[in-house]
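User: I have a model open on my screen and would like to understand the labels attached to its residues. Could you take me through the reasoning behind them?

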Amino acid sequence: MSAGLIVSCSSDDSDDVDPIGIDNPATYVFEREGETSVSFSGQTTRILMAEEIIAKFQDETTTLEELTAMFAHVEGESDFSDADLNASDKNILGKTAASFDFFSNNATDQVLIRADFESWIQAQVDEVYPNWNVAAMAGAAGQIADGTSVRYITDKGLEMNQVFNKSLIGALMVDQMLNNYISSSVLDPFTAANDSETLVTDKNYTDMEHDWDEAYGYAFGTAADLTDPRPTIGEDDNFLNKYIGRVEGDTDFAGITDDIFEALKLGRAAIVAKEYDVRNEQAEVLRELISEIIGIRAVYYLQQGKNALDQTTPDYGGGFHDLSEGYGFIYSLQFTRQPNSDAPYFTKAEVDAFLIDLLDDGDNGLWDVTPTTLDAISTSIADRFSFYCRRGWKLK
């Protein structure tokens, strides 16, 4: 976090001890009859698809049809440069805002959220691409310098590839992890099958084992070492993995990668041991920690953007880049999950209000945003989380 915005407060962290009777391995290695029982290939596939979509945003010759087809991929269509992705029956759209806990009975919000992603694709094609080689100014889309980089923004100053990218972290990775694959509502129907070690047809895992592994895949499914992602955390993809690494790199939060990895590993070991109370405890740990990642980075980018713009000569390129990332992380807050609760840290209505505030200080969006607004949103986010006291800091 930015210097001058944090103060210490007491921390009540304590060392965790593996429950007696659970064989918790040193790495994420689980086997049956000498063969792995771990599988999360679908998660890896979707992360790789998302990587290609984000890269395609930066090609101004891309059409609306191409980006839309990548988002809603149909098996066998040549939407990607990777033949394996083209052959896959997976896509991003179908898992966006699709968790059991938050969206099985909430089709209205699901439709609205998916429409947001489609509108961001539309804005990139209709507004940003036609002005690719035009200098941006207040009220006009175009390109803008950010140090040695060039950013491409809408008339409101938003960098749509960053908005899409960071919002997808919440709507896909976080939502599927916290509100689907580690959910008791999803896992408990398989208790009897897991107790009897009934395997999925032609597979080496139970349904419950596989669901938990899929949660693991959304965090670590592109790691160089899939059994222990910690050595390369933050380097493996541009989604949740990257920002676990970014938070790990903040001295206030050092150790969060270990905490997330250990909770995923112990939860999986508990499933093998049929210790479902321990599994549920680790699910709550994950809800807190993964949600923290989103809250921390939302505040970080708001403050970085404020620092870039609040100068005698504002750095609009750098500031808009940071605030576009912040926009996406704010959007992702609606997919977080308070531990021991069925509620996110922020509702969709609260998130929508933050995003309106971010663009509503004048007619030109981020060109007019004030430090007061950025501080107000930052404080509202930080105050809702417990990470500042659990980790030893807080916003003033």
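Analyst: Happy to help; we will go through burial, ring pairs, backbone angles and a pocket in turn. Please keep in mind that this is a predicted model.

User: Thanks! Why is Y243 called buried?

Analyst: Buried means under 20% relative accessible area. Y243 has 1% relative accessibility, so Y243 counts as buried. F329 is buried too, because its relative accessible area is 0%.

User: What makes Y243 and F329 an edge-to-face pair?

Analyst: Two values decide that. Ring centres have to lie within 6.5 Å for a pair, and planes over 60 degrees apart count as edge-to-face. For Y243 and F329 the centres are 5.0 Å apart and the planes meet at 75°, so both conditions are fulfilled. This pair also links distant parts of the chain, with Y243 in helix α10 (residues 240-248) and F329 in helix α13, 86 residues apart.

User: Why is the pair of Y300 and Y301 called edge-to-face?

Analyst: The same rule for edge-to-face applies, with planes over 60 degrees apart. The planes of Y300 and Y301 are at 80° and the ring centres are 5.1 Å apart, so this pair is edge-to-face. The burial labels of the two residues are worth a look as well. Y301 is buried because its relative accessible area is 5%, while Y300, with 24%, is partly exposed.

User: How many aromatic pairs are there by this rule?

Analyst: The count comes to 29 aromatic pairs. There is also one aromatic cluster formed by F57, F71, F102, F103, F117, W120, F164, Y331 and F335.

User: Which residues does F164 contact, leaving aside its neighbours within four places in sequence?

Analyst: F164 is in contact with I53, I54, F57, F71, F117, W120 and I121. F164 is also one of the residues that touch the most other members of the largest nonpolar core, along with L240, I260, I330 and I381. That core has 107 residues, and its largest share, 14 residues, comes from helix α12 (residues 276-309).

User: What makes E284 count as buried, given that it is a glutamate?

Analyst: The label rests on accessible area, and the cut-off is under 20%. E284 is at 19% relative accessibility, so E284 counts as buried. This residue is found in helix α12, and apart from neighbours within four places in sequence E284 is in contact with P339 and N340.

User: And A308, how do you know that it is buried?

Analyst: A308 has 9% relative accessibility, so A308 counts as buried under the 20% limit. A308 lies in helix α12 and, neighbours within four places aside, is in contact with P314, D315, G318 and G319.

User: What is notable about the phi of N340?

Analyst: Most residues other than glycine have a negative phi. The phi of N340 is near 55°, a positive value in a residue other than glycine. N340 sits in the loop between α13 and α14. Because its relative accessible area is 68% and the cut-off for exposed is over 50%, N340 is exposed. E197 is not a glycine either, and has a positive phi of about 55°. The place of E197 is in the loop between α8 (191-195) and α9 (207-220).

User: Why is E197 called partly exposed?

Analyst: Partly exposed covers the range between the buried limit of 20% and the exposed limit of 50%. E197 has 42% relative accessibility, so E197 counts as partly exposed.

User: Let's finish with the second largest pocket. What makes up its lining, by class?

Analyst: The lining has nine nonpolar, one polar and five charged residues. About 190 Å³ of space lies in this second largest pocket. Of its 15 lining residues, the closest to the centre are D116, W120, L158, Y327 and L359. Helix α5 gives the most to the lining, with four residues. L359 is in helix α14, and not counting residues up to four places away in sequence L359 touches K156, L158, Y327, G365 and L366.

How values were computed: Residues numbered from 1 in each chain as written. Predicted model: local features only at pLDDT ≥ 70, side-chain atom pairs only at ≥ 80, totals over all residues. Heavy atoms only, no water. 1 Å grid on protein atoms, 1.4 Å probe; cavity = no way out; pocket = protein on both sides within 12 Å on 5 of 7 lines; lining within 4 Å. Points joined across faces, edges and corners; volume = space filled by probe spheres on them. Helix = DSSP H or I, 4+ residues; strand = E, 2+ residues; numbered from the N terminus. Nonpolar A, V, L, I, M, F, W, Y, C, P; charged D, E, K, R; others polar. Core = buried A, V, L, I, M, F, W, Y, C linked by side-chain atoms within 4.5 Å. Buried < 20%, exposed > 50% of the residue type's maximum accessible area, 1.4 Å probe, protein only. Contact = heavy atoms within 4.5 Å. Phe/Tyr/Trp six-rings, centres within 6.5 Å; stacked < 30°, edge-to-face > 60°.
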